Each structure stands twice: as structure tokens, then as C-alpha cells.
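Hi,

Here is the structure I promised to send over. Have a look at it first, and then read on for what turned up.

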Amino acid sequence: MSESGADAVCVLHVEPDPQFRELTETFLERQQNSFRVTAAAGADAALDRLDADVDCIVSDYDLPGQDGIELLRTVRSEYPDLPFVLFTSQGSETIASDAIAAGVTDYLQKGTTPERFELLANRVRNAVSAYESERAAKEHHQRLQQVMKTVPTAITRVNRDGEIVFANERAQSNLGFEPNEVTERTYNDSKWEIRDLDGDPIPDEELPFQQVLQSGERIEGYRHTIVWPDGERRVVEINGAPLFDDDGEVEGIVFSNTDVTTQTERERALQRERDRLDNFSSVVSHDLRNPLNVASLSLELAKEECDSDHLGRADRALDRMERLIDDLLALAHTDDLVDSIEPIEIERVVTQCWRNVQTEEARLELQTSARICGDRSQLRRAFENLFRNAIEHAGDGVTVTVGALPDEDGLYVADDGAGFDAGDDDRVFESGYSTQRTGTGFGLAIVESIIEAHGGEVRATPSEDGGARFEIVGLECDC
């Protein structure tokens, strides 16, 4: 068929009367040159001229050989949607009824006035326009169906009655049914034994299909379990979107589903670990800290009653236990580190951190005025730990420098101390690792956790002065 737009509509006019054929052709082709007419005297000649370039057939009923209805039936066998207008003087209810039953596009009585031919031209033009629109829609639908068949995502389409009308291969695999079963299934088929993640049945009105159907809105990330034919229970994650008809009513729903059984098992295992960690934190924070406070108060009372070097060692041990508890709690809540993101001026936060650390004779050199984005309290903890690490390992007279990395967005904290022992730069972030007897071994591990929670990375390298240098990269600078 010819394409719509600037191209003329190609009409095959089937008419045994040569004078009326010529008259019709003349009037149609006068319509702003929008029609190109090919004539045929009868059904056999029309079928010989019928090819893919014909946009519409205009035929009389009374034809030699076979009549217009018989011609229509023959055309419909090969071109089921081609516009066919019965333009005849043989008007009767019987003919009209037979024409409609055979699939005629339009039915019009003949006439010889210009108005009658203008009406014919309008009917033909409207029929062709509707035909081309429908054909374009079918082609679009076929392309979409092909895409849906080949995409790696599991796709199903359900009509408003809940019947599955399409499922691609991945969906068939995820939902556990054979291709010939697709149209036999509904969204709530009892064979799936749909349940929530705790194993309880889900009320029908809470299933994804009913939620989308009733609300007309998308649903995302809904998880439930189904049972495969082999008896295995799997977890699927459902995303659904409504399909609307011309009146804005939901006529169907498209779903994507993903088998997330393994992911769900990992998430549950992680949640169990978090629950154990929360329980551990509670024990450390309350059950362990309370007897520690009792021991500290008792030690203070003992100091008033006697003087002994043993009391000093006990005091230092209790102080180290207090630091260990603080560091362990900070490390245990890595996932909760970043509460709020705000712009932070490095100069201000570094200066505050330096004042919070017992620096003795140590000296701070600030060589950057950069601004980063992050959780202020947690980044302060990170810088304080880096400063304490430098003083503990390099001594009271150390110079600590905070500057910007020259070749990439980031910062560094460096000292001019003795640096790392051979191989230590690969272990300094390990929890519990320390080269100092008084250290807890968790300070740098906390730094790494804080920076990673901000989406960044911290790495240990030798400084230019031979000391230790910690480079922080990947922090946001615009928030």
C-alpha cells in the first residue's frame, strides 16, 4: 500500500459501465490531486490489478461474473483489512446486510451530482486514514511484542480480568510454567501458592494486580513467594504498570518480575548479622560499661586510701578499656554513620578537630581551603582519629599537614614521623591492628568505615618527609 502523507491515495475502481468509470475517475482525481485511480470492468480484472500499491477498492455490486459481495469475500481472504467501499445503485437491506457480514468498510449509494462524488472521496479518504493508522498501530504492537520477547527481563501482560495474555521466555522460566500454559494462567493461580515472605497467604486485594487495577498507578519492588512445579519455593520481585484504553480506563497491566531468591536470602542473612551486631552493641554499651564505671569509681576510692604503682596501671587499663568500648561502638554502627550531608569547610573542621586532640608539642599545617560534602560529626571523628594516629606513632613534636591532592579531587593528611614499618601500609586499616601498646587498633578502621560510608576511599602511602600519609578521595564537593 502507498504511504500516507504527500502521496496520492491509490483507488482501484471496479465498475462495468465505462462512462460511469470515467466520470468517477474524473471527479476523484480533481480532489486536489489526492487520488490516483486504476479502473477495472469486473471482478477478474480487479483481482489481476490488485497488488500492494492499492489503498482502497471502490466497487459496484452488479458486476459481470461475480458480484461485488463475492469480490469482497475474495479480497478479504488475502487482504483482510484493505478498505473496501461498495458504491452501487443496487441498494437494498439484503445487500447492505451481506456487505457488512462480508466485512465491507463502507456502503454508499451511487449518484451523479458533484456532492455525491465529494462524499465518496471523503469516505475513501477516511477509510484509508483509519486503515493506515490501524496498520501503524499493529506494526508498533508487533515491534513491541518482539522487544518484549527478546529482552532479558521477565515480562508478562495481564488483561483486566486477570488473565495472562503474554509472557516472554524469561517470565515463563521465572514463573515456572510451559509456553502452552500461558493463557491458562491468571495472576492469582492457585498452583503458585502465592505467600508473603513470612509464609502467610496474601489477601487478593493486596496482590500487585489488584493494587494496580484499582489505583491505576505503578507498583514497584513488591516481593512475594511462589512455588515452582518442582515444589521449590522462590521469591519474585514485581514491578507493574497500568495500560489505559482511549477512555482512560485500565484495560490491562504489564509486569516485570525478577527471581530474587538468592538476593533475599543474602539480605536476610545480613539482617541477622545486623541484629546480632545491635545486640552486641547493646551489651557493650550498657552491660559492659556499667561494671567498668563501677571499677573506675572504686579505683578512685582506692587511690584515696593508699598509694601504689598497681593503681596507676589499673587506671591506664581502665582508660584503655573505655577507649576500646567507644571505638568498638563506632565501628559497629558503620551503616548508620552518615545521617545528614552538608557543605563543610575543611579549614574550619580541621581546626576544631586539632583543638579536640591532645597535641602537646605537635604542629598543624593547613594547605587547603577546599570544601567537601558530608556528615560533619562523622568527618570530625575521622580527622581526629588521623591526628591521634600521627601523634601516637610519630611523637609529640610531629608536624601534621592537611592539603589537597594535586592530580585528583581529594585530600591528604601527612606527618613527618618515622612512617610505616615494612608491610604495615597494607594492614593499618585492619580492625584491632596496632603497633602501639596503648592503641586500640580500631582508629584507622573507623576512619576507613566513615570515608567509605560517604562513598569515598582512604589509602595509606609514605609521605614526602618519610612519614605516614593518608589520602582521601571520592568525597562529594558539591551539595
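Why is strand 8 (residues 219-227) largely enclosed by the rest of the structure? Strand 8 has 9 residues and 7 of them are buried, so the rest of the structure largely encloses it. Before going further, please keep in mind that this is a predicted model.

**The overall picture**

The protein has 479 residues, and 41% of them are buried. You will find 12 helices and 17 strands in it. If you take the contacts with a separation of 6 or more, 60% are between residues 24 or more positions apart.

**Strand 8 and its partner**

Strand 8 runs antiparallel to strand 9 (residues 233-244), and 7 bridges join the two. If you want one pair to look at, T225 sits opposite V235 of strand 9. The hairpin that these two strands make has 5 residues between them, and G231 there has a positive phi near 90°.

**Helix 7 and what covers it**

Helix 7 (208-215) belongs to this part of the story too. Its buried residues are P208, F209, Q210, V212 and L213. Strand 8 and strand 9 help to cover those buried residues, and the cover also includes strand 6 and strand 10. Just after helix 7 comes G216, which has a positive phi, near 70°.

On the other side of helix 7 in sequence, take a look at E193. It is in the loop between helix 6 (169-175) and helix 7. Its phi is positive, near 50°, and E193 is not a glycine. Is that side of the loop buried or exposed at E193? E193 counts as partly exposed because its relative accessibility is 42%, and that class runs between 20% and 50%.

**A buried alanine in strand 7**

A167 lies in strand 7 (residues 164-167). A relative accessible area of 8% makes A167 buried, as the cut-off is under 20%. Setting aside residues up to four places away in sequence, A167 touches I155, T156, Q172, F177 and V182. For F177, the distance from A167 is 10 residues along the sequence and 9.9 Å in space, C-alpha to C-alpha.

**Two cavities**

How many cavities of 30 Å³ or more does a search of the whole structure find? There are 2.

The largest has a volume of about 220 Å³. Its lining is made of 15 residues, and those nearest the centre are Y187, W192, H224, I238 and F255. Strand 6 (154-159), helix 7, strand 8 and strand 10 (250-259) are the elements that each give two or more residues to that lining. By type, the lining has 12 nonpolar residues, 3 polar ones and no charged ones.

The second largest cavity has a volume of about 30 Å³. Around it are L386, A390, V400, V413, A414, D415, A468 and F470. Helix 11 (376-394), strand 15 (410-415) and strand 17 (468-473) each give two or more residues to this lining, and strand 15 gives the most, with 3 residues. Here the split is 7 nonpolar, no polar and 1 charged.

**Two nonpolar cores**

The largest nonpolar core has 35 residues, and F383, F387 and F470 have the most contacts inside it. At least two residues each come from helix 10 (346-356), helix 11, strand 14 (399-404), strand 15, helix 12 (443-453), strand 16 (457-462) and strand 17. Helix 11 gives the most to this core, with 7 residues.

F470 is worth a click, as it turns up both in the lining of the second largest cavity and among the residues with the most contacts in the largest core. Which residues is F470 in contact with, leaving aside its neighbours within four places in sequence? They are L386, N389, L411, Y412, V413, F420, V428, F429, L444, V458, R459 and A460.

Apart from that core lies another one, of 25 residues, including A154, F209, V236 and I253. You have met F209 already, as one of the buried residues of helix 7.

Best wishes

Note on methods: Residues are numbered from 1 along each chain as its sequence is written. This is a predicted model: local features need pLDDT of at least 70, side-chain atom pairs count only at pLDDT 80 or more; totals for chains, interfaces and linings use all residues. Side-chain values use heavy atoms; hydrogens and water are left out. Buried means under 20% relative accessible area, exposed over 50%, partly exposed in between (1.4 Å probe, protein chains only). Helices (H or I, at least four residues) and strands (E, at least two) are DSSP runs, numbered from the N terminus. Two strands pair if DSSP finds at least two bridges between them. Contact means heavy atoms within 4.5 Å. On a 1 Å grid over the protein atoms alone, a cavity is a set of points where a 1.4 Å probe fits but cannot get out, and a pocket is an open set with protein on both sides within 12 Å along at least five of seven lines; lining residues have an atom within 4 Å of a point. Grid points are joined across faces, edges and corners, and a volume is the space filled by probe spheres set on the points. Ala, Val, Leu, Ile, Met, Phe, Trp, Tyr, Cys and Pro count as nonpolar, Asp, Glu, Lys and Arg as charged, and the others, Gly among them, as polar. A nonpolar core is a set of buried Ala, Val, Leu, Ile, Met, Phe, Trp, Tyr and Cys residues joined through side-chain atoms within 4.5 Å.
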